[in-house]
Amino acid sequence: MPAPTPTQLALPHVPRLHAYTPGLQPTEPGWVKLNTNECPYPPSPRVAEALHREIGTDGASLRLYPNPPSTPLRAAVARLHGLRPEQVCIGNGSDDILNLLVRVFGGPDAAVGFTFPSYSLYPVLVEIQAGRTEVIPFDRSLRLPLERIAASTARAFFLTSPNAPTGVAFANADLERVLASFGGLLVVDEAYAPFADADAVPLLARHPRLVIVRTLSKAYALAGIRVGYALGDPELIGLLDRVRDSYNVNRLSQAAALAALADPAYYAGVVAQVRATRDAHLAKFTTQRGWFTYPSQANFIFTEPKNARGESGPAVAKAAYDFLYARRVLVRHFPNHPLTSPFLRITVGTNEEMGLLQDALDAWLGARAS
Ligand SMILES: *Cc1c(COP(=O)(O)O)cnc(C)c1O
């Protein structure tokens, strides 16, 4: 009898898992990188100062484990949102928070629900737990499928608002309709809410089954530092703390996040600039080019390219993607579903980067015409 292989010893669902596909992170310089919704501006200068202070001259503080529950950061996040520290849990990125939620609410006998399209990490996290998923599709209108969510038997339902990859935000009135009709936990992933006109935080006071998930990766320009958080009822936060790694947020990340949150004036400027660039280019796509584009409340634009002959569709979007790629302009194309395949998702960069993008698209249209 040969000894069993690691694959044979693994739980049967694990060898069948598909890992999440992150956007390309090119290692060589020279790309206009508009593919993973990172911030085009650096974080507050206070972040680098805080990191240097934390490291000191010899890195001695790194001998010591970090504050296990990230207590000072919980207090700062609570202050930011007008909540109590017991309503906050800090994660190693919001992906960590989403994973904690799946650990608490998902399993072989407990479905976790989400819409399609939305953040494609949700099914990956559920499947790691051998959990059941319940997928509720949008149609092209992207109106919230309220009746179908109401009928869902999922223990937790994940909604991205503003949604990814479309950028469309859901009104608080609609979220309250979901909370009134759906019996499970409603998780609103607000990764892009700092770029939106409104957010769901005011609903927390009335709805103990609402959880809001935020990240410092996008609006705080700290994707590399991995900090996100959950806002919710203290009872729910207590459940997340039971399944959390005890040292889930490292010392440097806690220091960086605290410094970022202490500089709201800087970030108000960053967000205002990203919104202004977004709105100028939304208008360019819709009015000037005549491309169907969803009204974005996020830091990206989801637009349906039309070629020089006025055609759109998956092949046209792919052709535009390839042309941009050859010119070292990196955007995102999601070819696997009819709702997303005719579109490109373009992160809002600096005005200069967006100018290079528009020039490359002009060149694409010119190349097609000849
Ligand atoms: C970027 C993103 C996240 C991930 O945030 P991290 O804090 O970097 O893990 C979560 N949800 C959505 C919808 C996102 O777009």
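How far is an oxygen atom of the ligand from an N or O atom in the side chain of Thr215? In this predicted model, the distance between the ligand oxygen and the side-chain N or O atom of Thr215 is 2.5 Å. A second polar contact involves the side chain of Asp189, in which an N or O atom is 2.7 Å from a nitrogen atom of the ligand, while at Ser94 the partner is a polar atom of the backbone, 2.6 Å from an oxygen atom of the ligand. Of the 380 Å² of accessible area that the ligand has on its own, the protein covers 93%.

The space that the ligand takes is the largest pocket of the model. Besides Ser94, Asp189 and Thr215, the residues around the ligand are Gly93, Asp95, Tyr119, Thr160, Ala191, Tyr192, Ser217, Lys218 and Arg226. By residue class, this shell is made up of three nonpolar, five polar and four charged residues.

Tyr119, one of the residues around the ligand, also takes part in an aromatic pair. Across the whole structure, 19 aromatic pairs are found, among them that of Tyr20 and Tyr119, whose ring centres are 5.9 Å apart and whose planes lie at 75° to each other, an edge-to-face arrangement. This pair joins distant parts of the chain, with the two positions 99 residues apart in numbering: Tyr20 belongs to the loop between α1 (6–9) and β1 (32–33), whereas Tyr119 belongs to the loop between β3 (111–116) and α5 (121–128).

Definitions and conventions:
Residues numbered from 1 in each chain as written. Predicted model: local features only at pLDDT ≥ 70, side-chain atom pairs only at ≥ 80, totals over all residues. Heavy atoms only, no water. Near = heavy atom within 4 Å. Polar contact = N/O pair within 3.5 Å; in protein donor to acceptor, adjacent residues only side chain to side chain. Areas by Shrake-Rupley, 256 points an atom, 1.4 Å probe, with all protein chains shown as cover. 1 Å grid on protein atoms, 1.4 Å probe; cavity = no way out; pocket = protein on both sides within 12 Å on 5 of 7 lines; lining within 4 Å. Sits in = over half its atoms within 2 Å of the grid points. Nonpolar A, V, L, I, M, F, W, Y, C, P; charged D, E, K, R; others polar. Phe/Tyr/Trp six-rings, centres within 6.5 Å; stacked < 30°, edge-to-face > 60°. Helix = DSSP H or I, 4+ residues; strand = E, 2+ residues; numbered from the N terminus.
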